[in-house]
Amino acid sequence: MPCPHALQHRPELRLWQAEHPALSAALLQRPELGVRPPGKPLPAHLEGSRLGRLFGLWLRQRDDASRSTPKQALVRALKALPAAELRAQARRQAALALTGGWNHWVWATPSASIAAVLGLPLDSLSDQRWLHEQLRAIAGALQDGQAGAADPACAALLQSLATPAAAAAPLQACLHRLGPAQHWPGGVEEFEANRLALLWQSHEAGAALLGNALARLATEPALRRPGRMLDWLPTLLREGGGVRNTRRFALESLEIGGVRLRPGDALLLNLAGKTTEADDVGFGAGAHRCPGQDLALETAAAALELLLAYQDGRRWPTPTQGVTLANAYIPAFIDPQEHATP
Ligand code: HEM
């Protein structure tokens with residue numbers, strides 16, 4: 001049997017795979033491995049589009065050393081957001097989203113909560129649906145090659161985040177104070193692109209976490225323990241209920257445990273599975289470690305606690321075949337209340 005601590009060759013996927021998250025944890029610290037193939041800062045289909053321009057400015061897609069200063073500023077700004085404000089907004093958005101049915105709840109609650117603390121006015125189900133549509137347009141364009149199709153969504157979101165009212169919202173206030181445009185090599189444009197990235201990053205990963213949590217609570221009543229959601233979520237992530245993997249590319253020739261990699265070779269790094277706490281990689285590790293970890297956990301926990309506190313006789317939904325993304329599985333739900341699904 002192959003050793004799970006060594007890279008496995010997956011010729012059918014044309015990549016090398018780190019199965020054990022402890023190996024992924026170590027590889028995520030290696031500067032010779034980057035988030036983009038060498039010489040290809042953009043996927044070809046994004047070239048020339050507004051989405052491509054933003055993508056090229058996102059911290060998530062860059063490895064140049066000049067981005068470590070804005071990354072540190074971003075981490076400080078996100079840490080400064082008062083958890084109580086985020087929890088209150090998450091409860092508000094979760095309660096609103098529930099009126100749109102369980103599938104809407106899973107998809108809309110995480111990004112709507114972050115959008116609201118970034119200053120987007122989200123006071124109705126249709127506001128949430130509008131936001132979800134914009135993020136879906138971006139997701140579709142990133143996946144299927146129609147990059148220009150997401151340009152109106154990018155423009156609309158950038159504009160909504162740039163209003164004076166939004167600047168005063170709790171998370172934007174932290175960004176302006178601790179990670180303002182002067183900290184970013186590309187100035188205002190790069191600041192604005194990464195402000196939008198916060199919304200984008202909360203979308204699919206947030207839906208994966210909340211959707212998998214709901215599926216487990218719906219099917220395992222013993223897990224429904226009020227006050228314990230925040231403690232339970234890291235276990236769920238380890239069990240594959242969040243982002244399950246990420247990719248890296250060799251930037252130069254290197255050797256990993258006897259495997260010789262050439263520039264451009266691709267790696268698939270598993271992020272879920274049995275680990276010691278020190279090796280937990282549910283939120284990544286190294287230079288690209290998720291700066292939104294606390295926000296993601298607080299939002300999901302607040303939304304789940306709200307469900308546990310509701311005493312309105314609402315029945316739990318039945319999980320059914322959901323959406324499989326490259327890095328996550330997001331369950332769908334059959335709604336016993338017969339609400340419309342998005
Ligand atoms: C509040 C919502 C969230 C925000 C604002 C956020 C933000 C971000 C950002 C900006 C990055 C890129 C960091 C960089 O490249 O320097 C990132 C990476 C990451 N995030 Fe999050 N995130 C959120 C939710 C989540 C959730 C719910 C999960 C897991 C279920 C998650 C898992 C990850 C992982 C694994 C990475 C690292 C990816 C890699 O190294 O390839 N994030 N996040």
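Across the interface of domain 1 and domain 2 in this predicted model, the rule finds zero salt bridges. Polar contacts are nevertheless present between domain 1 and domain 2: the count is eight residue pairs, both at pLDDT 80 or more. On the side of domain 1 that touches domain 2, helix H1 (21–27), strand S4 and strand S5 (254–256) each supply at least two residues. S4 gives the largest share of that side, with five residues.

The domain assignment of the chain places residues 1–28 + 244–275 in domain 1 and residues 31–243 + 282–334 in domain 2. Their C-alpha centres are 26 Å apart. In the contact between them, 20 residues of domain 1 meet 23 residues of domain 2. The area buried between the two domains is about 1,800 Å², and carbon and sulfur atoms give 58% of this area. Of the area that domain 1 buries against domain 2, Arg 244, Arg 248 and Leu 251 supply 36%, more than any other three residues.

Strand S4 spans residues 245–250 and is mostly covered, since five of its six residues are buried. The strand pairs with two others, as the table sets out.

| Partner of S4 | Bridges | Direction | Opposite residues |
|---|---|---|---|
| S3 (residues 33–34) | Two bridges | Antiparallel | Leu 33 and Ala 250 |
| S7 (residues 266–270) | Five bridges | Antiparallel | Asn 270 and Asn 245 |

S4 thus appears in both settings: it is joined by bridges to S3 and to S7, and it supplies five residues of the side of domain 1 that touches domain 2.

How values were computed
Residues numbered from 1 in each chain as written. Predicted model: local features only at pLDDT ≥ 70, side-chain atom pairs only at ≥ 80, totals over all residues. Heavy atoms only, no water. Buried < 20%, exposed > 50% of the residue type's maximum accessible area, 1.4 Å probe, protein only. Helix = DSSP H or I, 4+ residues; strand = E, 2+ residues; numbered from the N terminus. Pairing = 2+ DSSP bridges. Domains from an automatic or database assignment. Contact = heavy atoms within 4.5 Å. Buried area = accessible area lost by both parts, 1.4 Å probe. Salt bridge = Lys/Arg side-chain N within 4 Å of Asp/Glu carboxyl O. Polar contact = N/O pair within 3.5 Å; in protein donor to acceptor, adjacent residues only side chain to side chain.
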